[in-house]
Amino acid sequence: MAAVEKRRPAVVPAANFADSGRPSVSRAAAAAAESEEDFLRQVGVTEMLRAALLKVLEARPEEPIAFLAHYFENMGLRSPANGGAGEPPGQLLLQQQRLGRALWHLRLAHHSQRTAFNNNVGVAYECLSASGRKKKPGLDGRTYSELLKRICRDGEAPEEVVAPLLRKIQCRDHEAVPLDVFRAGMLTCFVLLEFVARASALFQLLEGPAVAVADRRVGQAVLDTLEGALQASDNSAGPACYLEAGSRLGPDSLALAMDRAMSGRRPSSPMTREEFLEKAAALFIAKVKPVG
Amino acid sequence: MSRVSVPCHVKGTVALQVGDVRTSHGRPGVLVIDVTFPSVAPFELQEITFKNYYTAFLSIRVRQHTSMHTPAKWVTCLRDYCLMPDPHSEEGAQEYVSLFKHQSPSMTFPKWLSHPGPCEQPVPLLEGLPDPSRVSSEVQQMWALTEMIRASHTSARIGRFDVDGCYDLNLLSYT
């Protein structure tokens with residue numbers, strides 16, 4: 001029987017019956033399989049799938065199918081979009097493409113998967129630092145700041161909430177941003193987004209039934225308890241600060257704080273989600289080291 | 001049935017301490033007192049009475065032999081019962097305390113209820129308050145994320161040469 005060779009150099013047309021000794025069906029089937037494999041290779045699908053599988057192995061996501069779905073969705077960013085008006089389309093388009101690609105790399109792994117995350121940060125940095133026709137090599141402050149804003153916007157964090165962070169870690173437009181600063185900035189950004197998500201979930205626990213606001217006394221009491229625990233870490237270091245935080249933030253002491261707040265003499269007033277998130281984020285941002 | 005005192009042997013206190021006993025300063029916060037009952041005859045424990053001496057919280061664990069064939073298990077009967085509402089004040093520091101047994105027929109081991117002692121326990125879950133354990137979980141995660149960022153500061157500098165935040169070349173040249 002005809003053996004199917006895996007690496008024939010050229011596509012064999014299905015209608016080639018030169019060798020009458022061999023069964024034509026298996027020859028045609030082999031030729032069809034050969035052309036399919038070649039087709040996939042030529043359009044780049046083989047390479048793309050291989051890269052996708054490598055990414056899944058690196059990131060080890062909890063939901064691999066969803067991860068792959070997002071991966072392929074973002075592949076669309078790689079194909080050139082329609083050019084913008086005004087500026088020379090090449091320059092602006094290139095910039096947007098670079099940003100999109102960098103964002104895609106940064107989202108592949110969660111910040112807690114530190115090795116994978118740092119790898120992706122490196123790739124994103126290189127992607128943004130690549131020199132273009134009119135662009136010098138390296139990452140400029142303007143692109144960096146734009147990237148930070150994009151990440152926060154896409155992460156659905158309200159602008160007022162992230163603005164203080166951006167003021168702290170943004171770089172001036174024409175400053176050159178080194179990789180270390182870039183990496184620290186990316187980590188801070190993504191961790192803040194998770195922090196805001198947790199604060200949002202916390203607010204949902206605190207908000208009253210059927211209303212979208214929380215009792216101000218309770219909300220403030222919870223935030224004050226968190227602030228106290230963070231300040232305790234300022235004073236002590238090492239295991240003592242974890243024990244301290246654990247005791248302050250345990251269910252019993254939080255229950256006590258909330259109960260005390262409710263039974264105080266101050267009247268109840270509402271606190272909106274936005275205000276709660278702003279105040280919570282401020283506690284986080286206070287611990288971020290500014291760029292300098 | 002009249003109440004009878006059960007002879008018991010109270011062993012010396014053992015301190016629970018982390019780290020090297022020799023080099024660590026200060027006194028440990030947790031002490032363990034072992035109480036054994038030398039008499040072999042089984043009995044039903046009804047009441048424990050003692051005089052406190054500056055202990056804030058008390059936990060009691062009991063090792064029970066349920067039958068000859070099953071191994072004895074340790075059971076916690078009382079956990080963190082508050083003897084002193086404020087450990088730094090005198091209240092409750094030298095009180096006499098009685099703890100009574102309250103038999104719960106559905107349980108296989110005695111369920112201990114604290115006798116209303118000298119302090120009032122705060123009620124952990126009131127009507128209308130958010131669930132403290134879920135609130136605690138979120139807050140602790142928020143704390144951990146903040147601590148992580150605080151710890152991961154980079155020493156890399158961006159290389160600014162600011163004078164009062166100003167990039168003015170004339171100003172810089174004078175410093």
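Which residues are linked with D38(A) in a network of salt bridges? They are E37(A) and R41(A). The model is predicted. This briefing covers chain B, its interface with chain A, and selected salt bridges. Over all chains, the search of the whole structure returns 13 salt bridges, and the rule finds 1 across the interface of chain B and chain A.

**Chain B**

- Chain B contains 9 strands and 2 helices.
- In sequence order the strands precede the helices, giving the pattern β-β-β-β-β-β-β-β-β-α-α.
- Chain B has 175 residues, and 20% of them count as buried.
- Among the contacts in chain B with a separation of 6 or more, 51% are between residues 24 or more positions apart.
- Chain B has an accessible surface of about 13,400 Å². Carbon and sulfur atoms supply 57% of that surface.

**Interface of chain B and chain A**

- The contact involves 33 residues on chain B and 49 residues on chain A.
- The size of an interface is often given as the accessible area lost when the parts come together.
- For chain B and chain A, the area buried between them is about 3,700 Å². Of this buried area, 72% is on carbon and sulfur atoms.
- There are 5 residue pairs in polar contact between chain B and chain A, counting pairs with both residues at pLDDT 80 or more.
- On the side of chain B that touches chain A, 16 residues are nonpolar, 10 are polar and 7 are charged.

**The salt bridge between the chains**

- Side chains of opposite charge can pair when their charged atoms come close.
- R198(A) and E138(B) form a salt bridge, with 2.6 Å between the closest N and O atoms.
- The pair joins two chains, because R198(A) belongs to helix 8 of chain A and E138(B) to helix 1 (residues 132–151) of chain B.
- E138(B) has a relative accessible area of 12%, so this residue is classed as buried, the cut-off being under 20%.

**Salt bridges within helix 1 of chain A**

- R41(A) and D38(A) form a salt bridge in which the closest N and O atoms are 2.6 Å apart.
- Both residues are in helix 1 (residues 24–43) of chain A; they are 3 residues apart, which means a separation of about one helical turn.
- The partners differ in exposure: D38(A) is buried at 7% relative accessibility, whereas R41(A) is partly exposed at 39%.
- The R41(A) and D38(A) pair belongs to a network of salt bridges that also includes E37(A).

**A salt bridge within helix 8 of chain A**

- D180(A) and R183(A) form a salt bridge through their side chains, with an N to O distance of 3.5 Å.
- Helix 8 (residues 179–206) of chain A holds both D180(A) and R183(A), which are 3 residues apart, or about one turn of the helix.
- Both partners count as partly exposed: D180(A) has a relative accessible area of 35%, and R183(A) has one of 29%.
- Helix 8 of chain A also contains R198(A), the partner of E138(B) in the pair that joins the two chains.

Notes
Residues numbered from 1 in each chain as written. Chains lettered and ligands numbered in written order. Predicted model: local features only at pLDDT ≥ 70, side-chain atom pairs only at ≥ 80, totals over all residues. Heavy atoms only, no water. Contact = heavy atoms within 4.5 Å. Buried area = accessible area lost by both parts, 1.4 Å probe. Salt bridge = Lys/Arg side-chain N within 4 Å of Asp/Glu carboxyl O. Polar contact = N/O pair within 3.5 Å; in protein donor to acceptor, adjacent residues only side chain to side chain. Nonpolar A, V, L, I, M, F, W, Y, C, P; charged D, E, K, R; others polar. Helix = DSSP H or I, 4+ residues; strand = E, 2+ residues; numbered from the N terminus. Buried < 20%, exposed > 50% of the residue type's maximum accessible area, 1.4 Å probe, protein only. Areas by Shrake-Rupley, 256 points an atom, 1.4 Å probe, with all protein chains shown as cover.
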